[in-house]
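Q: Could you take me through this structure feature by feature, with the general idea ahead of each case?

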Amino acid sequence: MSRVLVTGGAGFIGSNLAEALLKKGHLVRVLDDFSTGKRENLIFNKKYPSLEIIEEDIRDLVACQKAIKGTEYVFHQAALPSVQRSIEDPEASNAINVGGTLNILLAAREEGVKRVIYASSSSIYGDTPTLPKHEEMPSNPLSPYALQKYIGEQYCRLFYQLYGLDTISLRYFNIFGPKQDPNSLYSAVIPKFIDALLRGHPPIIFGDGEQSRDFTYIENVVQANLLAMSAEHLHGEAINIACGKRTSLSQLLNVLKKILGSKQSPIYQESRKGDVKHSLADIRKGKEIINYEPTVGIEIGLKKTVEFFQRQQ
Ligand SMILES: NC(=O)c1ccc[n+]([C@@H]2O[C@H](COP(=O)([O-])OP(=O)(O)OC[C@H]3O[C@@H](n4cnc5c(N)ncnc54)[C@H](O)[C@@H]3O)[C@@H](O)[C@H]2O)c1
């Protein structure tokens, strides 16, 4: 049993991770400002009265120091996780994604935590034509968000090299699953498609629908974080967390239509700035370093996600 902090623990990934950590018997503290995260995502707190929730902002160093006090592992998920929002307001997203990450690392170093596990992003690769994307490729960020995630990774690496703080960056590739918000202007494609189909509305595709992603079900990400926590020695590495399979948006929509028995046709709109055309991960380094292997494929993941959204209706 360990004492752990999950920043961004009221968000989609953080709340799924916090629940899994509680199930494993760990003492969990969540630090979240509830800007995009929701209280209902932490509904499992009734089952786990030991769960501590701190409503603070990671831009505040003192708040980070208080939240990290007494913890052994930090899962840093808090961020403004939207490419489009970072293009509209790079300063605000920089303050959270870079400034907040630096605060978490400073507080973790001061507290002498055993490890910081950082939520990075496949967006750091940008639109490099080589597929699959592997960790030794140069990064080529196409948006402030991607650049900020890359800076976060580099800070994690430096904190290991300069101060001996054990860190690892998990480069998530298009994660989906229960609790992902479908209702924001900035929501990801899968919850938006499911929401539209359930309401009988036409889903919107930006571009021609041939762009593809390595869609990864949340259970794989939770598993990767647990493996990163228990791995022996880590040295500030970055590893891809994905399925190693590529699905186009048109294919994705067809699978969802089949699951839901829908005949809706999509509306096509102009493609968005900052979006990459194709994304696919090489996941061999994750296997080598933390023994990561995806266990839930896209079709099963989509079925589970649809069931979750149907239960919410
Ligand atoms: N969802 C994906 O496909 C994906 C892909 C790559 C990387 N990531 C990364 O994973 C992490 C979690 O993403 P998510 O999809 O769960 O997003 P999310 O928006 O659901 O969760 C982010 C959480 O951080 C909190 N937060 C934001 N600003 C904060 C601040 N200043 N102080 C404290 N808390 C703050 C939000 O309230 C929210 O609960 C992010 O770091 C994101 O960059 C996600």
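**Reading helices, their crossings and a ligand shell**

A: Let us begin at the end of a helix, where a backbone angle is a useful thing to read: just after α5, Gly164 takes a positive phi of about 75 degrees. Please keep in mind throughout that this is a predicted model.

Q: How many residues does helix α5 have, and what distance does α5 reach from its first C-alpha to its last?

A: The idea is to set the span of a helix beside the one expected at 1.5 Å a residue. Helix α5, residues 144-163, has 20 residues and reaches 27 Å, which is close to the expected 28 Å.

Q: How should I read the crossing of α2 and α4, and at roughly what angle do their axes cross?

A: One reads the approach of the axes, then the angle, then the handedness. The axes of helix α2 (residues 61-68) and α4 come within 9 Å and cross at roughly 45 degrees, which makes α2 oblique to α4. The crossing in which α2 passes α4 is right-handed.

Q: Which residues of α2 meet α4?

A: An α-helix has 3.6 residues a turn, so residues three or four places apart point the same way. From α2, Leu61, Cys64, Gln65 and Ile68 take part, and they meet Asn103, Ile104, Leu106, Ala107, Ala108, Glu110 and Glu111 in α4. By class, this contact of α2 with α4 has seven nonpolar, two polar and two charged residues.

Q: Where α6 and α8 cross, is the crossing left-handed or right-handed?

A: The same reading applies to this pair. The axes of helix α6 (residues 189-199) and helix α8 (residues 249-260) come within 10 Å and cross at roughly 40 degrees, and α6 is therefore oblique to α8. Their crossing is right-handed. Val189, Phe193, Ile194 and Leu197 in α6 meet Leu249, Leu252, Leu253, Leu256, Lys257 and Leu260 in α8, and the residues of this contact divide into nine nonpolar, no polar and one charged.

Q: Turning to the ligand, which residues around the ligand come nearest?

A: For a ligand shell, one asks which residues approach, which elements supply them and how they divide by class. Of the 28 residues around the ligand, Gly8, Gly11, Ile13, Gly37 and Ala79 come nearest. At least two residues of the shell are supplied by each of α1 (12-23), α4 (90-111) and β5 (115-121), and the largest share, three residues, comes from α1. By class, the shell divides into 14 nonpolar, 10 polar and four charged residues.

Note on methods. Residues numbered from 1 in each chain as written. Predicted model: local features only at pLDDT ≥ 70, side-chain atom pairs only at ≥ 80, totals over all residues. Helix = DSSP H or I, 4+ residues; strand = E, 2+ residues; numbered from the N terminus. Expected span 1.5 Å × (residues − 1). Near = placed C-beta within 6 Å. Nonpolar A, V, L, I, M, F, W, Y, C, P; charged D, E, K, R; others polar. Axes fitted to C-alpha atoms, helices over the stretch in contact; angles between N-to-C directions. Parallel < 35°, antiparallel > 145°, perpendicular 65-115°, else oblique. Left-handed = near helix turned anticlockwise from the far one by under 90°. Contact = placed C-beta atoms within 7 Å.
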